[in-house]
2 protein chains.
Amino acid sequence: MAVVTIIGAGAMGSALAVPLIDNGCTVKLWGTELDGDIIKELKEGREHPKHKHKLPVEIELYYANELDKAMKNSTHVILAITSDALGKVFERVVPYLNEGVIIATVSKGYDYNKNDEIVILPDILKERLPEKLKGVPIVVVGGPCKANEVVFKSPSNVVYACEDIEAARNFKQLIQTDVYNVKVDTDVIGTEVSVAMKNAYAVALGFAEGFKQRKGFTHNNTKSALFVIALQEMIQLSNAMGGEMRSVIGLPGAGDLEVTGEAGRNRLLGEVIGGGMNSFDAIQKMKDEDITVEGYSAVNFGYQLSQQLIKTGKIEKELPLLNALNNILYDNAECYKSIKEVLNQY
Amino acid sequence: MAVVTIIGAGAMGSALAVPLIDNGCTVKLWGTELDGDIIKELKEGREHPKHKHKLPVEIELYYANELDKAMKNSTHVILAITSDALGKVFERVVPYLNEGVIIATVSKGYDYNKNDEIVILPDILKERLPEKLKGVPIVVVGGPCKANEVVFKSPSNVVYACEDIEAARNFKQLIQTDVYNVKVDTDVIGTEVSVAMKNAYAVALGFAEGFKQRKGFTHNNTKSALFVIALQEMIQLSNAMGGEMRSVIGLPGAGDLEVTGEAGRNRLLGEVIGGGMNSFDAIQKMKDEDITVEGYSAVNFGYQLSQQLIKTGKIEKELPLLNALNNILYDNAECYKSIKEVLNQY
């Protein structure tokens, strides 16, 4: 029987325990040093501080200093770590990986590889695998999936993508339930580019929500136009990286952008700036309050990536919305004027 | 100079007068028998009853019995009539059409042609044109565009599609402003299928909003999965009819579905049913209150169309979400169970 170790006890890692337990898997949930309070709460039978909901009692819970126990006999590992910490945490996990293990990652974003190039997250993992584990399949997870809704069992559709489709199928068979629906795919690049970029573009959708406060009337037309422009630019980025369009117009791209544009911190950051707050003030406030907005770094990673791809001829010309996002967040460009110009250019 | 006659003084017809007047066109707004009160209010200098906003004083206003005056010297005609009345109203307009006129239509939906086949709306217009006017170009308008936001000047992007791209460009040059942005295209079929179907699928997005009331927790994951499934089914329908994917994943499809899923009557009908009201009761209530929900008829038109296309081998298999929508609205199938099954099938 499968033994699944979940690395990271935040909202998404913990949530995925639910369908796994429903299917009778052994689930070991390991918290990082930052998750100590979460593990403590859960061990004492209280609600998860993020979902405000109790989790199945069958989950085995491990503190940061118990990684060896958490990884013991593990047949499957799910990495649910924020993108900026993924590489470092994975380095701690690697010594415990068994041959034959399958790894899945729900982290979203980009990072620099050891050559200082911007790459998708599976590449960050691959370069940390020792020679004898180079063949370990890495399954990436995409699609519109709020963690709390997995816990509450709202019907959800997600994609598990792996170059080795059998590894994706193997994971599907462990975790698919009547409400957590898994679609397998081979398009790792398209999936990863989509899930990383949707956080960036969700900030732009937030702008349009903020414009309502600034101008006194809705900007739903603007928001939907930005949604379409975001898809078009994501298709260009994904193509240039070697990904497939189906992921961008499917669950990882259009689906996840839709849900991210409805609510969440990425949208909120955009809403505050769209509403009239100076970008630098909005970002300082976010930093002061110790709030991580993935879209903020995703915008700059995406922008740099687009510049790399333009230089190498893989993208023909600038991506106006991504450029505007970068100028607004990192150069304090005026938001309303910039976005109006983007719509005008398309 | 262009003389543009707008046929129908409802929300959208009236709104399009704004960019035209901004560009210095002569605009003649003609109301049907149902628009008498609107024309009266506007003539007396009051707000348009739909947008609650005054319109430019330069607009020439005409009552239903003044169609001849409204059409005098008309170089461009915009049809802004509900889909079910479009053919009949157009028959009244035809005798006044001048050679060289360009027609645009913002109506959305399907109708039966004279052979009782379901067709897109430009075909309804074409079969009513006399021989000498057969060459008159018909431009179809798609994209996320709430009428009141055109009046308020929220930046908006729309598509003007015509087989004769020069006719689309001609209209663009009249109506494009710094906020009402027109993209020209040749894909009439993809545009029309998208704008018709998005009303149908917006009902499904509404279901997911209603599920929150029924279950006590959000179903954003469900809504986004339905969004993606809707796009996939719209792509199949459009392909089968001879349309292009770019329209479905662009402004007329994804863009308009996004805005329609955020608010409006189509979504509201879905929300009420998703919330637990028996479909037949919800629809009866809608009829009693004399509310037209375009998505209600669009679901059945779309369903019948899909059956036609399956029979002729143009679509390989049933479209699960469209079938579920039809079963829920016309056969009182249980909404939550049906939608859960659709997600499971994809």
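Select B:Ile7 and look across to strand 4 (residues 76–79) of chain B: B:Ile7 stands opposite B:Leu79 there. Keep in mind throughout that this is a predicted model.

**Stop 1: strand 1 of chain B**

Now widen the selection to residues 3–7 of chain B, which make up strand 1. Five of its five residues are buried, and strand 1 of chain B is described as mostly covered. Colour the two faces separately if you like. B:Val3, B:Thr5 and B:Ile7 lie on one side, while B:Val4 and B:Ile6 lie on the other. In a regular strand, side chains take turns between the two faces of the sheet.

Next, show the neighbours. Strand 1 of chain B is joined to strand 4 of chain B by four bridges, and the two run parallel. Strand 2 (residues 26–30) of chain B also pairs with strand 1 of chain B in the parallel sense, over five bridges. To find one spot in that second pairing, pick B:Val4, whose bridge partner in strand 2 of chain B is B:Val27.

How do you get from strand 1 to strand 2 of chain B along the chain? Follow helix 1 (residues 11–22) of chain B: together with strand 1 and strand 2 of chain B, this helix makes a β-α-β unit, and the unit is right-handed.

**Stop 2: the helices of chain B**

Stay in chain B and select helix 15 (residues 320–331). Nine of its twelve residues are buried, so to speak of it as mostly covered is fair. The buried set includes B:Pro320, B:Leu321, B:Leu322 and B:Asn323, and B:Ala324, B:Leu325, B:Asn326, B:Ile328 and B:Leu329 belong to it too.

What do these buried residues pack against? Show helix 8 (188–215), helix 9, helix 12 (265–274), helix 13 (279–288), helix 14 and helix 16 (335–345) of chain B, and you have their packing partners. Before moving on, click B:Asn332, just after helix 15 of chain B, where phi is positive at about 60°.

Two helix pairs deserve their own view. Packed helices are described by the angle between their axes and the distance between those axes.

- Helix 13 and helix 15 of chain B pack at an angle of about 70°, and their axes are 7 Å apart. That angle makes helix 13 of chain B roughly perpendicular to helix 15 of chain B. To see the contact, select B:Ser279, B:Phe280 and B:Ile283 from helix 13 of chain B, then B:Ile328, B:Leu329, B:Tyr330 and B:Asp331 from helix 15 of chain B.
- Helix 9 (residues 220–241) and helix 14 (residues 294–311) of chain B pack at about 55°, with 11 Å between their axes. Helix 9 of chain B is therefore oblique to helix 14 of chain B. Their crossing is left-handed. For the residues that meet, show B:Leu237, B:Ala240 and B:Met241 of helix 9 of chain B with B:Leu305, B:Ser306 and B:Leu309 of helix 14 of chain B.

**Stop 3: the sheet of chain A**

Switch to chain A and display its strands. Eight of them form an open sheet in the order 3-2-1-4-5-8-9-10, with mixed pairing. Which strands stand at the edges? Strand 3 (60–62) and strand 10 (180–185) of chain A do; each has a single partner strand, so one side of each has no neighbour in the sheet. On average, neighbouring strands of this sheet are turned by 25° against each other, direction ignored.

Begin with the strand 3 edge. Three bridges link strand 2 (residues 26–30) of chain A with strand 3 of chain A, and these strands run parallel. Pick A:Trp30 there to find its bridge partner in strand 3 of chain A, A:Tyr62.

Then select strand 5 (residues 102–105) of chain A. A:Ile102 and A:Ala104 point one way, A:Ile103 and A:Thr105 the other, and all are buried. Strand 5 of chain A runs parallel to strand 4 (residues 76–79) of chain A, with four bridges between them. Within that pairing, A:Val77 has A:Ile103 as its bridge partner. The chain travels from strand 4 through helix 4 (residues 83–93) to strand 5 of chain A in a right-handed β-α-β crossover.

Strand 5 of chain A also has strand 8 (residues 138–142) of chain A as a parallel partner, joined by three bridges. Here A:Ala104 has A:Val139 as its bridge partner.

**Last stop: a loop in chain A**

Finish at A:Lys132, in the loop between helix 5 (121–126) and strand 8 of chain A. Is A:Lys132 buried or exposed? A:Lys132 is exposed, because its relative accessible area is 62%. Add A:Glu99 to the view: the two residues are 33 apart in sequence, and their C-alpha atoms are 8.2 Å apart in space.

Conventions
Residues are numbered from 1 along each chain as its sequence is written. Chains are lettered from A and ligands numbered from 1 in the order in which they are written. This is a predicted model: local features need pLDDT of at least 70, side-chain atom pairs count only at pLDDT 80 or more; totals for chains, interfaces and linings use all residues. Side-chain values use heavy atoms; hydrogens and water are left out. Buried means under 20% relative accessible area, exposed over 50%, partly exposed in between (1.4 Å probe, protein chains only). Two strands pair if DSSP finds at least two bridges between them. A crossover is right-handed if, with the strands pointing away from the viewer, the path from the first strand over the helix to the second runs clockwise. Axes are lines fitted to C-alpha atoms, for helices over the stretch in contact, and angles run from 0 to 180 degrees between N-to-C directions. Angles under 35 degrees count as roughly parallel, over 145 as roughly antiparallel, 65 to 115 as roughly perpendicular and the rest as oblique. A crossing is left-handed if the near helix is turned anticlockwise from the far one by less than a right angle, and right-handed if clockwise. Contact means heavy atoms within 4.5 Å.
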